[in-house]
Amino acid sequence: MTTAATPSLPIDFSRIPAARLPAVVHSAPKAELHIHIEGSLEPELIFELAARNGVPLAYPSVEALRAAYAFTNLQSFLDVYYAGASVLLKEQDFHDMAWAYLTRAARDGVVCAELFFDPQTHTDRGVPMGVVIQGLKSACDRAGRELGLRAELILCFLRHLSEEAALQTLQDALPYREHFIGVGLDSSERGHPPEKFSRVFTRAGKLGLHRVAHAGEEGPAAYITAALDVLKVERIDHGVRCTEDPALVERLALQGTPLTVCPLSNIKLCVFPTMAAHNLPALLQAGLMVTVNSDDPAYFGGYLNENYSALLQAHPAALTARHAWQLLRNSLQASFAPAAVRQGWLQQLDAHFAMAAAL
Ligand code: HPA
Ligand code: ZN
């Protein structure tokens, strides 16, 4: 079970009190495994790109757009999110969006970011696949060179569209196969079970691509089981509704399947009423390989470190320094980076906590 992990050096976690913990977590090395790059588009950049590309917007100002970020569920968010992405037209636009996120992530101690992108949101507007992928990829490569941040791309299929459309999307992306490491499944979950995408995930597996899927955010625990059994995913995105099936919780713990949980997103989209009611501490307690992520930081009120802070603040008794270390460790361990690279990051993490405990 993942909670039983021990650090590579002795760390006296009791010497890191709650008051100091957020600062220690903020400067710690960490991975972000659930970030929709279109969800990092801040209102200011939306307006800048709209002006640059002559795209009309339904909102008169940055403030008016931000005021529309009051969501009641996943769909109410997706409607605004797809409208925001309509300003992206040129390779430079995709580069600028990803670069803005990556520079922000580097300040949060992110050493590894695996970015989701939704090609269909763009190709359906006439933007060529190559423009999307090459714009994003050049920002990822630049992050490696200039920020020392390993950034990779995961191509997501929109589950409210057909499997035929997903198959065509994968086909269209094949000339850029070396630019992305995996496929995912996002957008409206309810009524669009994983089984709908069995053929395209099989195809992706044959191409040697990693596989992940959103499941158990708004959809039932059965969608998590189907994502594992039918789509053969290696990680579950969200997955917080797994607790509705105790046998599934046991399976996830035994297999060590990572869950990429997004606390602020879950509150904004009313999956949980408050952060104090979030089940992340319970998931960790159950031995699951839980990670913390930002999902759509421009829309949900915080980047990665703000997600950690909000959690720690709402769960001071359940989330101690040892738990924070475990969450950070899980994020690095659950990344798709090669084992030797992950090992180096884990050692940096342990050194960081050992230093903090010695202060
Ligand atoms: N869930 C499903 N689809 C999404 C999300 C999400 O949280 N963010 C962007 N697309
Ligand atoms: Zn998501």
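How many of the residues of strand 4 (residues 182–186) are buried? That was my opening entry, and the strand is mostly covered, with 5 of its 5 residues buried. Buried here means under 20% relative accessible area, exposed means over 50%, and partly exposed is in between, with a 1.4 Å probe and protein chains only. Strands (E, at least two residues) and helices (H or I, at least four) are DSSP runs, numbered from the N terminus.

**Ground rules**

I am working with a predicted model, where local features need pLDDT of at least 70, side-chain atom pairs count only at pLDDT 80 or more, and totals for chains, interfaces and linings use all residues. Residues are numbered from 1 along each chain as its sequence is written, chains are lettered from A and ligands numbered from 1 in the order in which they are written, and side-chain values use heavy atoms, with hydrogens and water left out.

**Strand 4 and its partners**

I looked at the two faces of strand 4 and found both covered: Gly182, Gly184 and Asp186 are buried on one side, and Val183 and Leu185 on the other. Next I checked the pairing, which takes at least two DSSP bridges between two strands. Strand 3 (residues 150–158) runs parallel to strand 4, with 5 bridges between them. Within that pairing, Cys156 has Gly184 as its bridge partner in strand 4. Strand 5 (residues 210–215) is also parallel to strand 4, joined by 2 bridges. There, Gly182 has His210 as its bridge partner.

I then followed the connections. Strand 3, helix 8 (residues 163–173) and strand 4 form a right-handed β-α-β unit. Strand 4, helix 9 (residues 198–206) and strand 5 form a right-handed β-α-β unit as well. Right-handed means that, with the strands pointing away from the viewer, the path from the first strand over the helix to the second runs clockwise.

In the loop between strand 4 and helix 9 I came to Ser187. Its phi is positive, about 80°, although Ser187 is not a glycine. Ser187 is buried too, at 6% relative accessible area.

**The zinc site**

Which residues are the protein donors of the zinc ion (ligand 2)? I found His34 (NE2), His36 (NE2), His214 (NE2) and Asp295 (OD), at 2.0 to 2.2 Å from the ion. Donors are N, O and S atoms within 2.8 Å of the metal (3.2 Å for Na, K and Ca), and water is not among the atoms, so sites may look incomplete. Along the chain, the donor spacing reads H-x1-H-x177-H-x80-D. His34 in strand 1 (residues 30–36) and Asp295, in the loop between strand 8 (289–292) and helix 14 (297–300), are 261 residues apart, so this pair links distant parts of the chain.

I checked the geometry as well: the angles among the 4 donor atoms span 81 to 173°, and the site is irregular. For reference, four donors count as tetrahedral if all angles lie between 85 and 135 degrees; four count as square planar and six as octahedral if opposite donors are over 155 degrees apart and all others between 65 and 115; anything else is irregular.

Are His34 and Asp295 buried or exposed? His34 is buried at 0% relative accessible area, and Asp295 is buried at 2%. Asp295 also has a positive phi, near 70°, in a residue other than glycine.

Ser265, in helix 12 (residues 263–268), is buried at 0% relative accessible area. Leaving aside neighbours within four places in sequence, Ser265 is in contact (heavy atoms within 4.5 Å) with Glu217, His238, Asp295 and Phe300.

**Helix 2 and the loop before it**

In helix 2 (residues 43–53) I found Pro43, Leu45, Ile46, Leu49, Ala50 and Asn53 buried. They sit on the same side of helix 2 because they cover an arc of only 160° around the axis, taken from the directions from the helix axis to the C-beta atoms. The buried residues pack against helix 3 (62–67), helix 4 (74–84), helix 5 (91–107) and helix 14. Gly54 follows helix 2, with a positive phi near 65°.

In the loop between strand 1 and helix 2 I looked up Ile37, which is buried at 0% relative accessibility. Its contacts, leaving aside neighbours within four places in sequence, include Met97, Tyr101 and Phe116. The C-alpha atoms of Ile37 and Phe116 are 6.0 Å apart, with their positions 79 residues apart along the chain.
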